[in-house]
Amino acid sequence: PHGAGLFQGLRPIDRKGEGRMKETGCVYLVGAGCGSADLITVRGLRLLQSCGAVVYDALIDPALLEEAPLAERYPAGKRSGSHSMPQEEISALLVRLAREGKTVVRLKGGDPFVFGRGGEEILALQEAGIPFEEVPGITSAIAVPAYGGIPVTHREFTSSLHIITGHARAGKPLEIDFEALVRTRGTLVFLMGVTSLPDICAGLLEAGMNADMPAAIVEQGTTPRQRRFNATVGTLAQTATEQAVTSPAISIVGPVCALAEKFDWFDALPLKGKKIVVTRPRERSGTLAGRLSKLGADVYEYPCIRTEPIIPCPEMEAALNRLGDYTHLVLTSPAGVEALWGMLEREGKDARALSGVTLAAIGPGTDRELRKHGLRADYIPAVYDAAHLGAGLAGMVSGRVLILRAELGSPALTEALERGKIPYDDIHCYTTAYESEHAAALRALIREDKVDIVTFTSASTVRGFAHSVGEDLDFSRVLGACIGEQTAAEARRYGIRTRVAAQATMDALIDIIIKEGNETWN
């Protein structure tokens, strides 16, 4: 699982009216960019969102496939030493799918024409009479060095760039003119050359390159798992062996490698490479996951709860039909706002149905959901939790309160109202269900101490997490970043170590994660 919500707001390309044959589809060779899903071009993404079938390489970020939820998926991935589908079969598959009338995206890592065998696939499509287009992508030859702090050109160091495949055909030597490369005095970028790195370095040295020439190798480039190792041409192969570097990795040779430490920005991100589990419901995980990813985190999305509106909900319908009986309408989550709005729409009503009632929200997240519908909260407590919401209402309300929330809402809210002798109706308008997809994989990561932090945004996410990964797990291995004290109290019930955000907001939650990182990861 990877970070999601990277492309919200983009609309798929509408293929209507482009003059394509109805009988035969079109094949788009789309460069997916390198590593990170958000390095795809906007055009490539829109084609992916509108296609009927996607044929994809092994190194494609799974988050990209989620952008084509209705498309047929065909893995055609190739890794070093392992080919899941021969090139001839890939070309034949593209032809077959197009002849079935499908719009096909051939999703290729990097750029289709930079050692991507895109030309071979186009020749096969041409021969079969299949319409095609090529959509360029960001090649790893440029992106990976950049994420490693290495500019492939710099006028004070070099004026040329040379991209070379380091992959040798089985049983054959490398077909590289090392003397010509050395004469260029340019930046050399070797792709697919981990196993042949000793031969590459030896060839450069034999051709006259100085053994002290700066060099580097970058593994898993542009992803949170990226590792960069600085060396020289004389030591690069040995460094890669000592550091157990594996594919995919890119080697860079040239004076520009000396700039890596100075220009490094990716490794300097505060959460670089830290495994952080996001437990928010699937429909709400995107914002937190996306922000953590931008800070360098290796985000593992684990939506362990699912919220569903209760339909029909006669209690809520009856209460809204006599809304004049209430002075305040209280909402404790964005899911509650969604359930309320869904019912209004089913009844043919809109925001005007809520006129005359004061709206109270537990925090800014719930208020933001209200604002999507042209409403805003009249009251938000200073501390965003049920206890402070109830206490605040008890100090200002003189009439009856309507609460719309989950089945297992915190009793702290109603207890505070009861202490203030405030009458209320507590109506459950949505349910929370536990999910367990990927539970075994996450359990294994926790047992191997490969998870740094698990985020909890409500007590229900704590319960969902504990139930799904198995309550027999040693939860003392888990460090939970909790959005509030009530959430943290629930986490401690299971033995989870906790850090609590200063406020019940995403900003504060991220702040506590970064603070924890500064104190314990450095």
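Which residue forms a salt bridge with D298, and how far apart are the closest N and O atoms? The partner is R225, with 3.4 Å between the closest N and O atoms; here a salt bridge is a side-chain nitrogen of Lys or Arg within 4 Å of a carboxyl oxygen of Asp or Glu. Please keep in mind that this is a predicted model, in which local features need pLDDT of at least 70, side-chain atom pairs count only at pLDDT 80 or more, and totals for chains, interfaces and linings use all residues. Residues are numbered from 1 along each chain as its sequence is written, and side-chain values use heavy atoms, with hydrogens and water left out.

**Overall picture**

- The protein has 19 helices and 22 strands, taken as DSSP runs numbered from the N terminus (helices are H or I with at least four residues, strands are E with at least two).
- Its C-alpha trace spans about 90 × 60 × 45 Å along the principal axes.
- Of the 522 residues, 52% count as buried; buried means under 20% relative accessible area, exposed over 50%, and partly exposed in between, with a 1.4 Å probe and protein chains only.
- The accessible surface comes to about 24100 Å², and carbon and sulfur atoms hold 50% of that surface. These areas come from the Shrake-Rupley method with a 1.4 Å probe, and for residues only the protein chains shown count as cover.
- Among contacts with a separation of 6 or more, 68% are between residues 24 or more positions apart; contact means heavy atoms within 4.5 Å.

**Salt bridges**

- The structure holds 31 salt bridges.
- Back to the opening pair: D298 forms its salt bridge with R225, linking distant parts of the chain that are 73 residues apart. D298 sits in strand β14 (residues 298-301), while R225 is in the loop between β10 (214-219) and β11 (227-232).
- D298 is buried, with a relative accessible area of 7%, whereas R225 is partly exposed at 35%.
- E121 and K108 form another salt bridge, their closest N and O atoms being 3.1 Å apart. E121 belongs to helix α4 (residues 118-128) and K108 to strand β6 (residues 104-108), so this pair ties together parts that are 13 residues apart in sequence.
- Both ends of this bridge are buried: E121 has a relative accessible area of 0%, and K108 has 2%.

**The network around D267**

- R228 and D267 meet through their side chains in a salt bridge of 4.0 Å, N to O. Because R228 lies in strand β11 and D267 in the loop between α9 (260-263) and β13 (275-278), the pair ties together parts that are 39 residues apart in sequence.
- R228 is buried at 12% relative accessible area, and D267 is partly exposed at 28%. Salt bridges that share partners join these two with E261, D264 and K272 into one network.
- Leaving aside neighbours within four places in sequence, D267 is in contact with Q226, R228 and K272.
- For a sense of scale, the C-alpha atoms of D267 and S460 are separated by 34 Å, with their positions 193 residues apart along the chain.

**Nonpolar cores**

- The largest nonpolar core has 28 residues, of which M316, L320, L329, L340, L354, L402 and L404 touch the most other members. Such a core is a set of buried Ala, Val, Leu, Ile, Met, Phe, Trp, Tyr and Cys residues joined through side-chain atoms within 4.5 Å.
- At least two residues of this core come from each of α11 (314-321), β16, α12, β17, β18 (400-406) and β19 (424-434). The largest share, seven residues, is supplied by α12.
- Not counting residues up to four places away in sequence, L404 touches M316, L329, V330, L331, T332, L340, I427 and C429.
- Another core, of 25 residues, lies apart from that one and includes V182, L188, F229 and A231.

**Helix α13**

- In helix α13 (residues 364-371), the buried residues are T366, D367, E369 and L370. Seen down the axis, they fall within an arc of 155°, so they line one face of the helix; the arc is that of the directions from the helix axis to the C-beta atoms.
- The cover over these buried residues includes β16 (326-331), α12 (334-346) and β17 (358-361).

**A nonpolar surface patch**

- F115, I163 and M192 make a nonpolar surface patch of about 250 Å². Patches are made of residues with over 30% relative accessible area and no salt bridge, with like charges joined within 9 Å and nonpolar side chains (Val, Leu, Ile, Met, Phe, Trp, Tyr) within 5 Å.
- I163 is placed in strand β8 (residues 161-165) and counts as partly exposed at 30% relative accessibility.
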